Amino acid sequence: MKFMNMKRFGSAAMAGALVLSLAAPAFAATSTPAGQVTISGAYKDIPISVLVPESGTAQINPYGLPIDFTLSDTITKVSISGEQITSAPLSIRNQGATKLSVNATLAVDTSGADNGVSVQKAALSNEKGKKINLALQVAGLNDNKYAVSSLDTTLEDNIIKAFADTATWASAKSLPAEDTAAGTALADATVAKSASALAVLGASTEAAGGLITYGKDSIAVFRLSGKLNESPTKSVSGDDVDDPWTTNDKFAATVVFKFKPAKAASVSLDKATLELGTTANNSKTVSVVFDAGDTELTVKTYAWTVDPATNVVNLTNPTSDTVTVGTAGVGTATLTCVVTLSDDSTQTLTCPVEVNAAHN
């Protein structure tokens, strides 16, 4: 009721102002020149609505033994096995109306390890100590079963199932942790930074009351993954002795996600127009410039045509990204390229062509 009262008050105030302006128009004295407008600009923080967990857990699991996670029915379990670093299911979710690209930083604190746990960026080979080759992995989900309300009881279970499925991680993007010596505090750790998007989160919609409905690609799962020595050793008096993993061996990885509006894929031509001569300068090339943006799209096909067909110009290599345009007469024509992307979407590009002796 208060809201309705405020609406009425606002309407009454506006009506009153309108009556006054009609009854007695007046203009305040000003020194601003006629036609001049001053526009003040300042930064204003615009929140990005993303659901990110505050913490997570991972287990050092040298033999990659199965670890079970229970679904919402408290009975059904899904298992993760074969992972020497086994993370509990984690996800990030776009709850806003803008598609977002996801970048991240990763730093590792090894100061809590009593037995010399360290991180090595290069793949492990014949290392003997407790070195871990560690990485953050992010995998975007894309299926209609995730396009549900945030209150849908199937959502959490489907995310856990996807997290446990090895196929989910086949196309995941990775951010390797930098070398980190044993006993390194977080403040002293070298921070790894992603150079390109680790995932793109599709937009969601918000209904009255704040209820979120996700798009089929609004959610990504993430984990820590790594390799380590199953049976580490250490040197004692010049001899290698067993140094088995214990509960004192630990690390703490800090992940900071960064989100920004995703850059869409784009195509363009490297020339806006083309001018050809009848004898000299009678052959030039035009190329398609493709930018994948934050997507993983590629170009599937290029299809060049000219109208009127072959009366003014002819084309060489009309199915490649670069076409050679040669003269076949005098006049004007329109060069067109239909670019088909890997998601089967198409974009049509055109370039006017003029052929006359003035361009020789």
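**Exercise 1. State the volume of the largest pocket and identify what lines it.**

The largest pocket has a volume of about 800 Å³, where a pocket is an open set of points on a 1 Å grid over the protein atoms alone, with protein on both sides within 12 Å along at least five of seven lines, and the volume is the space filled by probe spheres set on the points, which are joined across faces, edges and corners. The structure is a predicted model, in which local features need pLDDT of at least 70 and side-chain atom pairs count only at pLDDT 80 or more, while totals for chains, interfaces and linings use all residues. Residues are numbered from 1 along each chain as its sequence is written, and side-chain values use heavy atoms, with hydrogens and water left out.

Next, take the lining, whose residues have an atom within 4 Å of a point: of its 32 residues, the closest to the centre of the pocket are Gly140, Asn142, Ala199, Val200 and Glu296. The elements that give two or more residues are β9 (131-140) and β12 (199-201), and β9 gives the most, with three; strands here are DSSP runs of E of at least two residues, and helices are runs of H or I of at least four, numbered from the N terminus.

**Exercise 2. Determine whether Thr168 is buried or exposed, and describe its surroundings.**

Begin with position: Thr168 lies in the loop between α2 (153-164) and β10 (173-176). Its relative accessible area is 15%, so Thr168 is buried (under 20%, with exposed over 50% and partly exposed in between, for a 1.4 Å probe and protein chains only).

Then list the contacts (heavy atoms within 4.5 Å): leaving aside neighbours within four places in sequence, Thr168 touches Ala139, Leu141, Ala162 and Val221. For Ala162, the backbone oxygen lies 2.6 Å from a polar atom of the Thr168 side chain.

**Exercise 3. Work out the strand order of the open four-stranded sheet and the pairing of β24 within that sheet.**

The order is β19-β21-β24-β23, with antiparallel pairing (two strands pair if DSSP finds at least two bridges between them). β19 (266-269) and β23 (313-316) are the edge strands, each pairing on one side only.

On one side of β24 (residues 322-327), four bridges join that strand to β23, with Val313 opposite Thr327 and Leu315 opposite Val325. These two strands form a hairpin with five residues between them, and Asn317 in the turn has a positive phi of about 60 degrees.

Finally, β21 (residues 283-291) is joined to β24 by five bridges, again antiparallel, and Ser283 stands opposite Gly326.

Conventions
Polar contact = N/O pair within 3.5 Å; in protein donor to acceptor, adjacent residues only side chain to side chain. 1 Å grid on protein atoms, 1.4 Å probe; cavity = no way out; pocket = protein on both sides within 12 Å on 5 of 7 lines; lining within 4 Å.
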